[in-house]
Amino acid sequence: MIENLNLQLDLLDYTIVILYLGGMITVGLWIARKVRDFTSFFVAGHLMTTPLLISTLVSTYYGLDVTFGVSEVSFEEGVMAWFVYSRPYYLAILVTGLFVARRLKAFAFLSLPDIAEHFYGKGTRVTMALANFLYNLPILSIIGMGVLFKITLGLSEIQGYLLGASIAVVYTLLGGLWADAITDTFQFVLMCVTLAIAIPFAIQMVGGFEWIFAQLDAKYFASMGEVAPGYLFALALSAFSVFVEPALYQRIFAAKDERSVRRALLIGILLWAAYDWGVTILGIAAAAAVKQNLLPADIEGRQALIHMVLVSLPIGLKGFFIAGILSAAMSTVDSYLLLSSGNMTYDIYRPLFRPDMSDAALLRWTRIGIVASLIPCLAIAVYFQRITDAWVFMSTVLTATTLVPIMAAIFLRGTRKRLEGLLSSLVGLATVLLYYGLVTLLGQEQKDSYVLTVYWSLHTLELWREYSLFFALPLSVAGFMLGSALSASARRK
């Protein structure tokens, strides 16, 4: 069966994909006329309504990182991908919609580091902006596009990275968040519809759910799978990043009012859950296809969904599916390139070196930063073998650096102290980077990750690379408390 594996696109498929890409660039050119200043470019003039927010939130936050990340986990472990990897995010989004959004709309901020400077000063702003910059780099979608174009066009992964990112850069450069949001509306529909179409074809190809339930290993249907409890907890804990998610904050600041944000997030939870479940099914179907010798036994988890769908779909529908996958990628790449550029220019360069920067100069340098952000994307992408591991790293950096001081600023009463935010964010960021460095240098490679084994007496402790938040978050809390104590001591003197 593998000899007849047909992953190539037909002329009709290529035509559909090219028309889609051309349409996205056309939208960017059209929206460019609406951009008059930095506020309209970066937060759409604070005028986004519920329908636009639903489309841009769902498609942005669920790009190829989720599409390939969830299918990667379900291909290897089954329904655990939905129950452990995805489900905690729904609870975090619910809390954000009901409680965090209301507090944020009380301020006229443009970015998450704006909050940091307002409560803690410029030092904390810069530290959080650095963590935000690392998180906002669209590494996962860049990796996904490299995989996609390697399979469909025969390009190298680096060439695939550059091709996909170039398209996203063009219309983000032109229209900013307005172009992002309006194209996301189309991308949102396309990515959901094409995924829904692909599922029945894939299931039919492997003999239906009856064959899957009868022949696959029992672990595929266990909600916790067969993964180490500590690793499961690390995956679930990454959902804390939602509480300080820069893309969600940007949409909250861009919203017309708090009610629009709350409605968009609550509706979005249902759509995210359905999308996740569909991707989980396709990952399990790919595992069934491998067992039936319909797909190669050595296929990588991050490639499983693309292989499964391209093998099962007919000509024409393949093109629509690739366009849908590109929609998922583009909706994330453009949003996060805009945010990462904003971190460099608006959050770091402007307050530290050019506080009197004109609006026109800020807009110009933000556009330059969009292109510059691609360079570290490519450098970091080669470090991680699995999309899931890259996501855990990025969410850990963000959570460890920003969660404690930002939640304290929003919810705790009283005036915040500069040292509270600065020490909390610095300690959290330093802990993650140091932990990853030590485990990578001193540990052993295992299951596409690294594990450092610590021995004492008759006991051993395995420290996975993904466990860094277990240490970083408590130390961030300790840094916050230390800053509070030092500030109180200085006042008494």
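## Two buried side chains, a helix pair and a strand hairpin

Ser-373 is found in the loop that lies between α16 (359-372) and α17 (374-381). The model described here is a predicted one, and every value below is computed from it.

**The loop serine.** With a relative accessible area of 0%, Ser-373 is buried, because buried residues are those under 20%. The side chain of Ser-373 makes a polar contact of 3.1 Å with the side chain of Ser-340, and it also reaches the backbone oxygen of Gly-369 at 2.8 Å. When neighbours within four places in sequence are left aside, the residues in contact with Ser-373 are Phe-133, Leu-137, Leu-337, Ser-340, Ser-341 and Met-344, so that Ser-340 appears both in this list and as the partner in the side-chain polar contact.

**The helix threonine.** Thr-124 lies in helix α7, which spans residues 122-136. Is Thr-124 buried or exposed? Thr-124 has a relative accessibility of 0% and therefore counts as buried. The side chain of Thr-124 reaches the backbone nitrogen of Leu-422 at 3.0 Å, and Leu-422 is likewise among the residues that Thr-124 touches once those up to four places away in sequence are not counted, the others being Ala-116, Arg-418, Gly-421 and Ser-425.

The polar contacts of these two side chains are set out below.

| Side chain | Partner | Distance |
|---|---|---|
| Ser-373 | Ser-340, side chain | 3.1 Å |
| Ser-373 | Gly-369, backbone oxygen | 2.8 Å |
| Thr-124 | Leu-422, backbone nitrogen | 3.0 Å |

**The pair α5 and α11.** The axes of helix α5 (residues 80-104) and helix α11 (residues 229-237) come within 6 Å of each other and cross at roughly 40°, which means that α5 is oblique to α11. From α5, the residues Met-80, Val-84, Tyr-85 and Pro-88 meet Leu-232, Leu-235 and Ala-236 of α11, and the residues of this contact divide into seven nonpolar, no polar and no charged.

**The strands.** Strand β1 (residues 444-446) runs antiparallel to strand β2 (residues 449-456), and three bridges join them; Gln-444 has Val-451 in β2 as its bridge partner. Strand β2 is in turn joined by six bridges to strand β3 (residues 459-464), again in an antiparallel arrangement, with Tyr-455 standing opposite Thr-460 in β3. Two residues lie between the strands in the hairpin of β2 and β3, where Ser-457 takes a positive phi near 55°. In a regular strand, side chains alternate between the two faces of the sheet.

How values were computed. Residues numbered from 1 in each chain as written. Predicted model: local features only at pLDDT ≥ 70, side-chain atom pairs only at ≥ 80, totals over all residues. Heavy atoms only, no water. Pairing = 2+ DSSP bridges. Helix = DSSP H or I, 4+ residues; strand = E, 2+ residues; numbered from the N terminus. Buried < 20%, exposed > 50% of the residue type's maximum accessible area, 1.4 Å probe, protein only. Polar contact = N/O pair within 3.5 Å; in protein donor to acceptor, adjacent residues only side chain to side chain. Contact = heavy atoms within 4.5 Å. Axes fitted to C-alpha atoms, helices over the stretch in contact; angles between N-to-C directions. Parallel < 35°, antiparallel > 145°, perpendicular 65-115°, else oblique. Nonpolar A, V, L, I, M, F, W, Y, C, P; charged D, E, K, R; others polar.
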